Amino acid sequence: MAAKRDYYEVLGVARGASQDDIKKAFRRLARQYHPDINKEPGADAMFKEINEANEVLSDPEKRAMYDRFGHSGMSGSPGFDPFGGADSLGSIFETLFGGAAGGRPSQRGPQRGADLRYNLAISFEEAIFGVEKDIEFRRLEACPSCRGSGAEPGTEPVRCPKCGGLGEIRQRAPIFNMVTVTTCDQCRGEGTVIAIPCKECRGDGRVRQPRSLKVKIPAGVDGASQIRITGEGEAGPRGGPHGNLYVALDVQPHEYFVREGNDILLELPLNIAQATLGTDMDVPTVDGTERLRIPAGTQNGATFRIARKGVPYLRGSGRGDQVVVTRVVVPTRLTDQQRRLFQELEKSLEPEQIGGQQDEGFFGRLRSALGL
């Protein structure tokens, strides 16, 4: 067997070459001798020799060992089996550590892409009635040039020189004859490496592209709602399936409506005369105005329900109610005539009329109205 050539000679670099110089030399030679490009006799063997030299010189620990001991120092490097070949393939330790029995490549399915999150602001009314929104975002998609392989068009990924295509490194310790298996750090468990990366995606197999979608927001959502759109996340590496897109909703506050579960609360200001004498008022709802009868003697914080003018139930039929809470507004500025009228009214009222009915408090009445 012919002696192995010096790794620095193989790559055509000086012994003091930087890692960047080694990387450039490897890429240049890999392009020149890649089996898919160079069909001359001996190109395949030269390509393997280049890969082997790069594997050692691109790893600082292996390179230091090689500089000190030469090729003989590589016998103890990770991935090298000092016992020569496969041992008892039915070993319980291989089973426990997930080894690939018989040297067969490990079967790794395509990896799923990452999920994405999109924050979408919607109005109070859009949350109540539902809406369809156009959204735009960017995501990783399969590179159109290499079709997701990561290799320059016209070339193919090659078997990983470090793990021999297994996707994992097996090391056997002399104690108990135990075998440990770890994922190959050079090919990341794929069993292949890209010698000539695609120029467009730089070997990743994916490029970031803009994406437009129509998102249907159902009626009745709230600020805690999140809509999952299957398959609209990032593309997986090497042709793996897309992840999901999660649209998180941010419901904007309303000028005067407040949501409480499936009910909508509205504070209704009344002057003293309206509260005392009673009146009919047009009250705003999310569906338009509704006529509401305010009976005479209405107290501050009294509650009234307008049925089925609340929020639609997200899961099921029907709607909540609108709860109207009164707020009696005391005037702060009076004309002379108004002051005299109030003074006359004060003299004409009996003490029990002034006191009115016992007040359980605003929050007490609100809890009663909501059934809490």
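In this predicted model, three strands make up an open sheet whose order is β1-β9-β8, and the pairing within that sheet is mixed. The edges are taken by β1 (116–122) and β8 (226–229); each has a single partner strand, so one side of each is left without a neighbour in the sheet. From one strand to the next, the twist averages 25°. Within this sheet, β1 and strand β9 (residues 245–251) pair in the parallel sense, and seven bridges connect the two. For a reader who would like to find the pairing on screen, a handy point of entry is Ala121, which stands opposite Asp250 in β9.

A further open sheet is built from four strands in the order β10-β11-β15-β14, again with mixed pairing. Here the edge strands are β10 (257–260) and β14 (303–306), and each of them pairs on one side only. The twist in this sheet averages 30° from one strand to the next. Strand β11 (residues 263–271) and strand β15 (residues 322–329) run parallel and are joined by eight bridges. Along this pairing, Leu266 is found opposite Val324 in β15.

The helices offer a crossing that is worth a look. Helix α3 (residues 43–57) and helix α4 (residues 60–69) have axes that come within 6 Å and cross at roughly 100°. Angles of 65 to 115 degrees count as roughly perpendicular, and α3 and α4 are therefore roughly perpendicular to each other. On the α3 side, the contact is made by Glu55, Val56 and Leu57, while α4 contributes Lys62, Arg63 and Tyr66. Sorted by character, the residues of this contact of α3 with α4 comprise three nonpolar and three charged ones, with no polar residue among them.

Two arginines deserve a note for their backbone geometry. Arg147 has a phi near 60°, which is a positive value in a residue other than glycine. Arg147 is placed in the loop between β2 (131–142) and β3 (158–159). Since exposed means over 50% relative accessible area, Arg147 counts as exposed because its relative accessibility is 76%. Arg308 likewise is a residue other than glycine with a positive phi, in this case near 55°. The loop that holds Arg308 lies between β14 and β15, two strands that stand next to each other in the order of the four-stranded sheet. With a relative accessibility of 59%, Arg308 therefore also counts as exposed.

Turning to the chain as a whole, the secondary structure amounts to ten helices and 15 strands. The protein chain has 372 residues, of which 37% count as buried. Its accessible surface comes to about 22300 Å², and carbon and sulfur atoms account for 50% of that area. Among contacts in the protein chain with a separation of 6 or more, 65% are between residues 24 or more positions apart. The parallel pairing of β1 (116–122) with β9 (residues 245–251) is a convenient place to follow the chain between positions that are far from each other in numbering, as with Ala121 and Asp250.

Key:
Residues are numbered from 1 along each chain as its sequence is written. This is a predicted model: local features need pLDDT of at least 70, side-chain atom pairs count only at pLDDT 80 or more; totals for chains, interfaces and linings use all residues. Side-chain values use heavy atoms; hydrogens and water are left out. Two strands pair if DSSP finds at least two bridges between them. Axes are lines fitted to C-alpha atoms, for helices over the stretch in contact, and angles run from 0 to 180 degrees between N-to-C directions. Buried means under 20% relative accessible area, exposed over 50%, partly exposed in between (1.4 Å probe, protein chains only). Contact means heavy atoms within 4.5 Å. Accessible areas come from the Shrake-Rupley method with a 1.4 Å probe; for residues, only the protein chains shown count as cover. Angles under 35 degrees count as roughly parallel, over 145 as roughly antiparallel, 65 to 115 as roughly perpendicular and the rest as oblique. Ala, Val, Leu, Ile, Met, Phe, Trp, Tyr, Cys and Pro count as nonpolar, Asp, Glu, Lys and Arg as charged, and the others, Gly among them, as polar.
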